[in-house]
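Work through the exercises below with the sequence and the structure in view. Each task is followed by a worked solution.

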Amino acid sequence: MSLNLLPADFPKFTHPPVNEVVLSAQFQPLEKLTSAHLGLLWGKFRAEYPELEQHHPIAHELEFFGPVPLDNMQPVFQVLDKQPTPRIWFKSQSGQELIQVQPDRFIHNWRSQSEKDIYPTYKTLRPKFATELASLAEFLADELKQELFADQCEVSYINYLPWSKDSASQNQPGVSLKIWPAQLDAEWLKEPEFTKVSQQFVIPGPQGPIGRLYVDAQPAYRLTESKWVCRLTLTARLYPVGKGIDGILQTLDVGHEWVVKSFAALINPSVRELWSEEK
């Protein structure tokens with residue numbers, strides 16, 4: 001699925017500044033899925049992901065459009081009669097790739113572990129995610145007689161960019177990003193100590209909005225390089241544009257397109273040259 005308002009060509013970089021990629025499918029909660037089942041599921045992935053970690057589950061999130069009912073703005077309190085099933089990480093030995101599973105979410109992460117690590121590209125990660133998600137669906141059908149019904153998909157890219165002309169400074173976000181300069185008529189307000197950029201854009205579909213693109217940029221200090229960098233995160237959250245695993249993959253393709261093309265649009269041309277953009 002490609003949306004007309006986006007340019008036709010994908011930007012391509014020989015050395016993209018990607019530090020982490022997240023592909024995620026959220027689905028209606030599988031109430032029968034327990035920690036014991038997740039232990040059995042690990043057996044299907046253990047050869048490639050031999051390490052295991054346990055974490056708190058991520059909250060179930062959905063994008064809403066239009067006026068938000070007042071009831072939805074009130075805090076929600078739940079009384080649980082049992083401990084929630086945790087989120088389990090299946091980690092590769094190198095730590096570069098991991099799978100996260102909880103009763104309503106399946107996630108595949110690729111993470112750079114050193115400056116020498118090369119981003120394997122979406123074309124490589126997508127089929128791995130598809131195969132792993134199919135393994136989960138097969139496991140659920142065999143063990144719990146349940147199916148996956150996705151209600152949201154997510155693509156997230158975390159990039160490290162130059163933040164300022166001076167590697168010791170964290171106060172010049174305009175070096176890499178196309179943002180509005182501060183125009184304050186107040187002499188007592190000097191240069192800010194800390195600047196963070198946060199924006200969100202609606203992703204339209206044929207019948208109305210289908211999701212949002214979230215842009216977050218803030219300074220981060222990289223110990224390996226002893227300098228401040230810009231940690232730029234672009235996240236596309238969308239309603240599924242189709243059913244089943246094929247629908248999830250099609251939705252991730254839309255999210256990937258929005259993330260990559262918006263990244264290129266947000267970055268200053270002089271900085272884009274650092275990563276050898278292919279013409």
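**Exercise 1: a pair of strands**

Task: Find which residue of strand 9 stands opposite Gln-200.

Solution: In this predicted model, the residue in strand 9 that stands opposite Gln-200 is Tyr-214. Next, look at the strands themselves: strand 8 and strand 9 (residues 208-222) run antiparallel and are joined by nine bridges.

**Exercise 2: the sheet**

Task: Give the strand order of the open sheet of nine strands, and explain why one side of strand 3 and of strand 8 has no neighbour in the sheet.

Solution: Start with the order, which is 3-4-5-6-2-7-10-9-8, with antiparallel pairing. Strand 3 (51-55) and strand 8 (197-205) are at the edges; each has a single partner strand, so one side of each lacks a neighbour in the sheet. Finally, take the angle: on average, neighbouring strands of this sheet are turned by 15° against each other, direction ignored.

**Exercise 3: helices on the strands**

Task: State which strands helix 1 touches and which strands helix 2 lies across.

Solution: Begin with helix 1 (residues 35-45), which packs on the sheet and touches strand 3, strand 4 (87-91) and strand 5 (97-102). The direction of helix 1 makes about 20° with that of strand 4. Then take helix 2 (residues 122-143), which lies across strand 2 (18-27), strand 5, strand 6 (105-111) and strand 7 (150-162). Helix 2 runs at about 150° to strand 6.

**Exercise 4: the whole protein**

Task: How many helices and strands does the protein have, and what share of its residues is buried?

Solution: The count gives four helices and 11 strands. Of the 279 residues, 46% are buried.

Technical notes
Residues are numbered from 1 along each chain as its sequence is written. This is a predicted model: local features need pLDDT of at least 70, side-chain atom pairs count only at pLDDT 80 or more; totals for chains, interfaces and linings use all residues. Side-chain values use heavy atoms; hydrogens and water are left out. Helices (H or I, at least four residues) and strands (E, at least two) are DSSP runs, numbered from the N terminus. Buried means under 20% relative accessible area, exposed over 50%, partly exposed in between (1.4 Å probe, protein chains only). Two strands pair if DSSP finds at least two bridges between them. Axes are lines fitted to C-alpha atoms, for helices over the stretch in contact, and angles run from 0 to 180 degrees between N-to-C directions. Contact means heavy atoms within 4.5 Å.
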